[in-house]
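Reader: I would like a careful look at a single part of this model, taken residue by residue, with the cut-offs behind each term stated along the way.

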Amino acid sequence: MAAMVPGRPASAEVLFERRGRLGVVTLNRPRAVNALTAGMASAMLEQLRLWADDDAVAAVLVRGAGDRGLCAGGDIVAIYRDMLDGGNATAAFWAEEYTLNLLISNYPKPYVALMDGLVLGGGVGISAHGSVRIVTERTRLGMPETTIGFVPDVGGTLLLSRAPGKTGTHAALTGAHLSGADAVFLGFADFFIPSSKLANFAAALEHEAVEAAVARFAEAAPPSGLAGQDWIDTCYTGNDAGEIVRRLRAFDGQGREEAAKAAEAIAAKSPTAVKVALESLRRVKGLTLEKALEQEYRVGLRFLAGSDFREGIRAQVVDKDYSPRWQPATLAEVSDEDVESYFAPLGNRELRLSKEHNNV
């Protein structure tokens, strides 16, 4: 029998319930594909901490309401409105959200994420840091931030930097939507379960050990379209985004059509976001998740203060004219000094997560 967690109204944007020995988190904004708000992140952080110390809860399951996806990312319309008002609420939201991402990564119990349907941006943060990450044939995962003049965050830069070869760089710069099979290949997910079996899998978790349930329901993931694509490693080497685009456009071997499409995709993104995203991936290698999130916070606050992030949301979501006016408008106009400035220390505004490492 399910038991709703006391103190949470049934209309809440995120629901918590106990089903047997399973704690269930349901993101509950289906009309917005469960886009994450500050209130949702705060509520999840509080409840997950409580369940971490509750012997009656053996595992946690995270899922999205409706049939469109787990989570389409942060609520970027709310971020847009806040940017017009100074951006302080967004900075506070990110501090809470990144703390949640770190908690999930260090969670002392199995944390099972059902990554069905859309899993974008902030949705990756609440799933791909978990210990048991499930994708399906419906999964469409991505870090599409460069499309809106921003860069991957929520620990996404670290995950992308660990992907095989240069596939993470390709995913970051193009913002491409990836399949469940791609997610497994990149290291964002662990197991493939057909969407038709998710309800039975979740029910099994109420009384069955996670490992046993996974063994019964998981199937071999289909082949990833990113595997064996030599053009990706050939074209995405180095730290010069302009050179990467030139290589993609000039590539004439197997995969040249895909390379040409990737070049055009990158060329349409914010030049500043592309260059800072590439530098972020290069700088994050070897860092802990704490340090990666702290770096992303530093970079994120600089984007809040700039123009491209606001312009990207305006063009894609607010006015929907899909014609952003990036400043600067070309990769060549974004200097190394411009890129470096995004990583400069924030002083007393720094996010310091090291104390959160064992705070569960």
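Is Arg314 buried or exposed, and what is its relative accessible area?

Author: Arg314 is buried, with a relative accessible area of 9%, where buried stands for under 20%, exposed for over 50% and partly exposed for what falls in between, using a 1.4 Å probe and protein chains only. The model is a predicted one, in which local features need pLDDT of at least 70 and side-chain atom pairs count only at pLDDT 80 or more, while totals for chains, interfaces and linings use all residues. Residues are numbered from 1 along each chain as its sequence is written, and side-chain values rest on heavy atoms, with hydrogens and water left out.

The side chain of Arg314 meets that of Asp319 in a salt bridge at 2.9 Å, N to O, the term being used for a side-chain nitrogen of Lys or Arg within 4 Å of a carboxyl oxygen of Asp or Glu. Asp319, at a relative accessible area of 46%, is partly exposed, whereas Arg314 is buried. Side chains of opposite charge can pair when their charged atoms come close.

From this pair one can go on to the loop between α15 (308–318) and α16; helices here are DSSP runs of H or I with at least four residues, strands are runs of E with at least two, and both are numbered from the N terminus. Tyr322 lies in that loop, and its phi is near 55°, a positive value in a residue other than glycine. Pro328 also has its place in the loop between α15 and α16, and the peptide bond leading to it from Gln327 is cis, with omega near -5°. As background to both features, most residues other than glycine have a negative phi, and most peptide bonds are trans.

Beyond the loop comes helix α16, residues 336–341, in which Glu337 lies. With 60% relative accessibility, Glu337 counts as exposed. Together with Asp240, Asp336 and Asp338, Glu337 forms a patch of negative charge on the surface. Such a patch is made of residues with over 30% relative accessible area and no salt bridge, like charges being joined within 9 Å and nonpolar side chains (Val, Leu, Ile, Met, Phe, Trp, Tyr) within 5 Å. Asp and Glu count as negative and Lys and Arg as positive, with His and the chain ends not counted; the place of a charge is CG of Asp, CD of Glu, NZ of Lys or CZ of Arg. The areas come from the Shrake-Rupley method with a 1.4 Å probe, and for residues only the protein chains shown count as cover.

Helix α16 is also tied to an earlier helix, for the side chains of Arg283 and Glu340 meet in a salt bridge at 2.7 Å, N to O. This pair links distant parts of the chain, as Arg283 is in helix α13 and Glu340 in helix α16, 57 residues apart. Glu340 is partly exposed at 45% relative accessibility, and Arg283 is partly exposed at 28%.

Arg283 has a further salt bridge to Glu279, at 2.8 Å, N to O. Because Arg283 and Glu279 are four residues apart in helix α13 (residues 271–284), about one helical turn separates them. Glu279 is partly exposed, at 21% relative accessibility.
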